[in-house]
Amino acid sequence: MFSSEAAIACKGVGAVIYREMRLFFGNKATIVLSVMTPLIYMLLFSTSLSKMMPMVNYNGVSVSYIEFVLPGHLVMSVLSTALMTSQSVFNEKISNMLLEILSTPVQHKAYMIGKMFASTSLALIQSMLIFLCGILVFRVPLSFVRFLGVLALNTLVCVIISGFYMTVMGLVKQFRTFIMTANILTNVIMFASSIFYPAEQIAPGLRLFAKISPVTYCSDAIRSFFLLGNVPRLLMLLIIGLAVCFTVTSVTVFRKRFAEV
């Protein structure tokens, strides 16, 4: 009994992931647009800032601004992809596609887990491509071991941010409200975090947002391993805890929010 239910749930998760991949890679415009914002920030915004502050002190180590900001661009790319995936849930609800999907053996939990896995996979692919692009363009040295470490940490970051946006999506009832909330929230957590500059240099009025924003800890974890080769134990435990927490909350909130579907 249990094994058959588990098999149905796994098939449901796999079906949702397959559908999301087909939808994304089947539209070239979606692929191009999804990477444009991080690339623009990396090639224009970050390049301009590097002229203003060519060197940055990070945990007692002096590094170039480009080296400092590259891990932040990984996180920013994940933000963009996770937001797009969470919007797709609302679109499917409005178009009644969600009703059709959940009319199949795909259950609420399997649908949400499939969405999160798909969002994590897409965000991971896109962010690592942008990261490698930055490495090649700016010729930042990177060992294979550190690349694997960044890849592993970025996977956790994708889970955290995907779960975060899915939780927000489940708490908002109107699509327009979600779009406005998500856009404002994205700007706040992006600029009131350590993506572009050290947390201690953030304006005093925004430091509170930086301290409670998961994006700050995601950026710091990847940056710490990328630049120093290690992640502080407490920060690592916090990242793992956030991944588990947002996965659970997103699935729980979704089941309650769309229980009538």
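**View 1. Arg-19 is partly exposed, with a relative accessible area of 26%.** The model shown here and in the other views is predicted. Arg-19 forms a salt bridge with Glu-92. The closest N and O atoms are 2.6 Å apart. Arg-19 belongs to helix α1 (residues 2-25) and Glu-92 to helix α3, so this pair ties together parts that are 73 residues apart in sequence. Glu-92 is buried, at a relative accessible area of 7%.

**View 2. Glu-92 also meets Lys-115 in a salt bridge.** The N to O distance for this pair is 3.2 Å. Lys-115 lies in helix α5 (residues 108-138) and Glu-92 in helix α3, so the contact ties together parts 23 residues apart in sequence. Lys-115 counts as buried because its relative accessibility is 0%. Arg-19, Glu-92 and Lys-115 are thus linked in a network of salt bridges. In the structure, the count of salt bridges comes to three.

**View 3. Asp-220 and Arg-223 form a salt bridge within helix α9.** Their closest N and O atoms are 3.8 Å apart. The two residues are three apart, about one turn of the helix. Both Asp-220 and Arg-223 are buried. Arg-223 has a second contact to show: its charged end sits over the ring of Phe-68. The distance to the ring centre is 3.8 Å. Phe-68 itself forms one aromatic cluster with Tyr-58 and Tyr-65.

**View 4. Helix α9 covers residues 214-228 and is mostly covered.** Of its 15 residues, 13 are buried. At 1.5 Å a residue, the helix should span 21 Å. Its end C-alpha atoms are 21 Å apart, which agrees. Gly-229 follows α9. The phi of Gly-229 is positive, near 85°.

**View 5. Asn-96 has a positive phi, near 70°.** This residue is not glycine. Most residues other than glycine have a negative phi. Asn-96 is placed in the loop between α3 (65-94) and α4 (97-102). Asn-96 counts as partly exposed because its relative accessibility is 46%.

**View 6. Phe-191 and Phe-196 form a stacked aromatic pair.** A search of the whole structure finds six aromatic pairs. In this one, the rings lie 5.7 Å centre to centre, with 25° between the planes. The pair counts as stacked because planes under 30 degrees apart are classed that way. Phe-191 is partly exposed, at 27% relative accessibility. Phe-196 is buried, at 0%.

**View 7. Six residues form a nonpolar patch on the surface: Val-32, Met-36, Ile-40, Leu-43, Leu-44 and Val-137.** Together they have about 510 Å² of accessible area. Helix α2 (residues 28-52) gives the most to the patch, with five residues. Met-36 is found in helix α2. Met-36 counts as partly exposed because its relative accessibility is 36%. That value also passes the patch cut-off, which is over 30% relative accessible area.

How values were computed: Residues are numbered from 1 along each chain as its sequence is written. This is a predicted model: local features need pLDDT of at least 70, side-chain atom pairs count only at pLDDT 80 or more; totals for chains, interfaces and linings use all residues. Side-chain values use heavy atoms; hydrogens and water are left out. Patches are made of residues with over 30% relative accessible area and no salt bridge: like charges are joined within 9 Å, nonpolar side chains (Val, Leu, Ile, Met, Phe, Trp, Tyr) within 5 Å. Accessible areas come from the Shrake-Rupley method with a 1.4 Å probe; for residues, only the protein chains shown count as cover. A salt bridge is a side-chain nitrogen of Lys or Arg within 4 Å of a carboxyl oxygen of Asp or Glu. Helices (H or I, at least four residues) and strands (E, at least two) are DSSP runs, numbered from the N terminus. Buried means under 20% relative accessible area, exposed over 50%, partly exposed in between (1.4 Å probe, protein chains only). Rings of Phe, Tyr and Trp (its six-membered ring) pair if their centres lie within 6.5 Å; planes under 30 degrees apart count as stacked, over 60 as edge-to-face and the rest as tilted. A charge sits over a ring if NZ of Lys or CZ of Arg is within 6 Å of the ring centre and within 35 degrees of the ring normal. The expected span of a helix is 1.5 Å times one less than its number of residues.
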